[in-house]
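Student: I'd like to learn how to read charged pairs and helices in a model. Can you walk me through one?

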Amino acid sequence: MATQMFEGRGHAAVYQKYRFAPGKELQQTILSYLREKKAIPAQLAVDVGCGSGQGTHFLGEHFKKVVGTDISEAQIQEARATPCMPNISYLVCPAEELPFPEGSVDVLTSFTAAHWFHLERFAREARRVLRPGGCVAISTYTLDMSLRHGQCSQQLTRVFRECWDEILKYSNDKIKYVLDDYKEIFEALPFPDKKRITDIHDPIPMTVEGVVGYMESTSSYQTFKKKDPTAATSLLQETEKRMLETMGVSSRETPLEFLVRHVCVLGCKES
């Protein structure tokens, strides 16, 4: 069974507010592959481990019907409460038990979620539901993150990394899949026609509040907060204060760029 880390309603609300959609470079990487494999236009795309729907929204622009699935009822409630295109719907179910007939799905995606799945069972399920010639696109952003703002990018990134390193001490063991750039997930995919791209770089427009909110939304921070709520809250408050001082601004709405590196595993089921 998948590891369940985003179950609480409060956590789901923070996740919905602060998690960002797939960046333009990642989107183009996926769409280019699907065009190459003639997997689009297509009838049905399924976004597994969709959380509150950030990646699912992107798919809605390119597929006739999109279904986001997640094991967390709270996350799906957040997704359903967020305005979206009429061709998008959501279901609560495990990644390893998708309620779709054999060979009925054209494209299966997962954005920053597959490391929580039971890999072997998910891989078998992906093979079952995909039609012949159907494709998978499984991605994650890595821990290689930095901030960019005017002349203080280096100092700002240092402040962010000091906080981030403290939060990562509370990471679940499943983070190992992210640390190895989804190599194990790539190897688990049961398709001979597959590839892994590890150098997709996206600048995500954000604010100071957004960066701090992103850190709050992570499973590692939520684990830290349960163990020591005072220390966890103080860490984010102090980090936000240091970021504002470094930038020489007073508003947490001040824009900056959040630079992330994505890894993407792409595969095509044999026809």
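Tutor: Sure, let's start with one residue: Asp144 is partly exposed, at a relative accessible area of 42%. Keep in mind that this is a predicted model.

Student: Which residue does Asp144 meet in a salt bridge?

Tutor: The general idea first: side chains of opposite charge can pair when their charged atoms come close. Here the partner is Arg261, with 2.6 Å from N to O. That pair links distant parts of the chain, since Arg261 sits in strand β7 (residues 255-268) and Asp144 in strand β5, 117 residues apart. Arg261 itself counts as buried, at 13% relative accessibility.

Student: How many salt bridges does the structure hold?

Tutor: There are 15. One of them joins the side chains of Arg131 and Asp106, at 2.5 Å from N to O. Arg131 belongs to strand β5 (residues 130-148) and Asp106 to strand β4 (residues 105-111), so this pair ties together parts 25 residues apart in sequence.

Student: Are Arg131 and Asp106 buried or partly exposed?

Tutor: Use the cut-off: under 20% relative accessible area means buried, over 50% exposed, and partly exposed is in between. Arg131 has 21%, so it is partly exposed. Asp106 has 9%, so it is buried.

Student: What about a pair inside a helix, say Glu125 and Arg128?

Tutor: In general, an α-helix has 3.6 residues a turn, so residues three or four places apart point the same way. In this case, Glu125 and Arg128 are three residues apart in helix α5 (residues 119-129), which puts about one helical turn between them. They form a salt bridge, with the closest N and O atoms 2.9 Å apart. Glu125 is buried at 9% relative accessibility, while Arg128 is partly exposed at 27%.

Student: Which residues do salt bridges with shared partners join into one network?

Tutor: Glu36, Lys37 and Asp193. Glu36 also closes helix α2, which covers residues 24-36.

Student: How do I check the span of helix α2?

Tutor: Take 1.5 Å times one less than the number of residues. With 13 residues, α2 should span 18 Å, and its end C-alpha atoms are 18 Å apart, so the two agree. Right after α2 comes Lys38, whose phi is positive, near 55°.

Student: And what do the buried residues of α2 pack against?

Tutor: The buried residues of α2 include Leu26, Ile30, Tyr33 and Leu34. The packing partners are α3 (54-60), β4, β5, β6 (193-207) and β7. You've met some of those strands already: β5 holds Arg131, and β7 holds Arg261.

Methods
Residues are numbered from 1 along each chain as its sequence is written. This is a predicted model: local features need pLDDT of at least 70, side-chain atom pairs count only at pLDDT 80 or more; totals for chains, interfaces and linings use all residues. Side-chain values use heavy atoms; hydrogens and water are left out. A salt bridge is a side-chain nitrogen of Lys or Arg within 4 Å of a carboxyl oxygen of Asp or Glu. Helices (H or I, at least four residues) and strands (E, at least two) are DSSP runs, numbered from the N terminus. Buried means under 20% relative accessible area, exposed over 50%, partly exposed in between (1.4 Å probe, protein chains only). Contact means heavy atoms within 4.5 Å.
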